[in-house]
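Hi everyone, thanks for making time. I'd like to walk you through a structure that is new to most of us, so have a look at it while I talk.

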Amino acid sequence: MRVIIPGRSFISYLLNIAHSVKELHHHVTLNSSCKNDLLLWHKFLDQWNGISFFIDDNIVNASDFDLYTDAASTVGFGGYFKNRWFQALWPVEMKLDTELSLSMAYMELYPIVIAAIIWGNEWSGNRILFHCDNMATVLIIKKGRSKSLEIMRLMRRLTWCSAKYNVIIYATHVAGKCNTIADALSRLQMDRSRQLCPTASVEPCHCPPHSEILWN
């Protein structure tokens, strides 16, 4: 049985190095990004039990899966899955980083990665299509890579979750999407979120700290 490795963030920088070599006997220098790709492979192969199941051919819309995520640039982020939810303000580390604090691509990707960390084990065998109103985030998920080293830390974590839980994550751009529950959560509007989903759990799911979300 073969294993399916979702996403190119496992080998993205290695592919770049490979394409730069004209002859097989030429030497190359591995930069830190290439080493991170290799470390991800090493960790996966070390922990993988050798078992992989076929993934469903059908792509499931995240909304049909009762799964929503959203980011509010000036407030925080949130996610919802079958009456369970998480929310938080943006980490201090991000606010101190000018590049990240201005990157909506990073912000929209952030709660998707958290959702995969928390609930990915329940998505096994599925192809899930997230709706996102940021085209840059959609393209990053599609390609599995980004020029931003910080976004790549998120993508490697997302790819790790995909491989670990045997799920493939897609994204499509939807302008002005209807995402009211996650929108309320990302803005910390609890009264509104309760009105939208009165059956939701009283307590939120534990949201991993920033240092554990990024691939190190």
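I'll start with the whole chain, then go to two helices, and finish with some charged side chains.

Quick housekeeping before that. This is a predicted model, where local features need pLDDT of at least 70 and side-chain atom pairs count only at pLDDT 80 or more, while totals for chains, interfaces and linings use all residues. Residues are numbered from 1 along each chain as its sequence is written, and side-chain values use heavy atoms, with hydrogens and water left out.

Okay, the overall picture. The protein chain has 10 helices and six strands; helices (H or I, at least four residues) and strands (E, at least two) are DSSP runs, numbered from the N terminus. Of its 216 residues, 46% count as buried. Buried means under 20% relative accessible area, exposed is over 50%, and partly exposed is in between, with a 1.4 Å probe and protein chains only. If you take contacts (heavy atoms within 4.5 Å) between residues at least 6 apart in sequence, 77% of them join residues at least 24 apart.

Now, helix H5, residues 104-119. Is H5 enclosed or open? Well, 13 of its 16 residues are buried, so H5 is largely enclosed by the rest of the structure. The length works out too: at 1.5 Å a residue, H5 should span 22 Å, and its end C-alpha atoms are 23 Å apart, which agrees. That expected span is 1.5 Å times one less than the number of residues.

On to helix H7, residues 149-165. Here 13 of the 17 residues are buried, so H7 is also largely enclosed by the rest of the structure. Its expected span is 24 Å, and its end C-alpha atoms are 24 Å apart, so that agrees as well. Just after H7, Asn 166 takes a positive phi of about 60°.

Let's stay in H7 and look at Arg 157. Which side chain of opposite charge is nearest to Arg 157? That's Glu 212, 7.9 Å away, and Arg 157 is buried with no salt bridge. For charges, Lys and Arg count as positive and Asp and Glu as negative; His and the chain ends are not counted. A salt bridge is a side-chain nitrogen of Lys or Arg within 4 Å of a carboxyl oxygen of Asp or Glu. What the Arg 157 side chain does reach is the backbone oxygen of Leu 214, at 3.4 Å. Leaving aside neighbours within four places in sequence, Arg 157 is in contact with residues including Val 113, Ile 117 and Trp 215.

Arg 153 is in H7 too. Arg 153 is partly exposed, at 23% relative accessible area, and forms a salt bridge with Glu 150, the closest N and O atoms being 3.4 Å apart. Those two sit three residues apart in the helix, about one turn. Beyond neighbours within four places in sequence, Arg 153 is in contact with Leu 214, Trp 215 and Asn 216.

Last stop: how many salt bridges does the structure hold? Four. Asp 183 takes part in a salt bridge with Arg 187, with closest N and O atoms 3.0 Å apart, and in another with Arg 192, at 2.8 Å, N to O. Shared partners join Asp 183, Arg 187 and Arg 192 into one network. Within that network, Asp 183 counts as buried at 16% relative accessibility, whereas Arg 187 is partly exposed at 38% and Arg 192 is partly exposed at 29%.

That's my tour, thanks for listening.

Technical notes: Polar contact = N/O pair within 3.5 Å; in protein donor to acceptor, adjacent residues only side chain to side chain.
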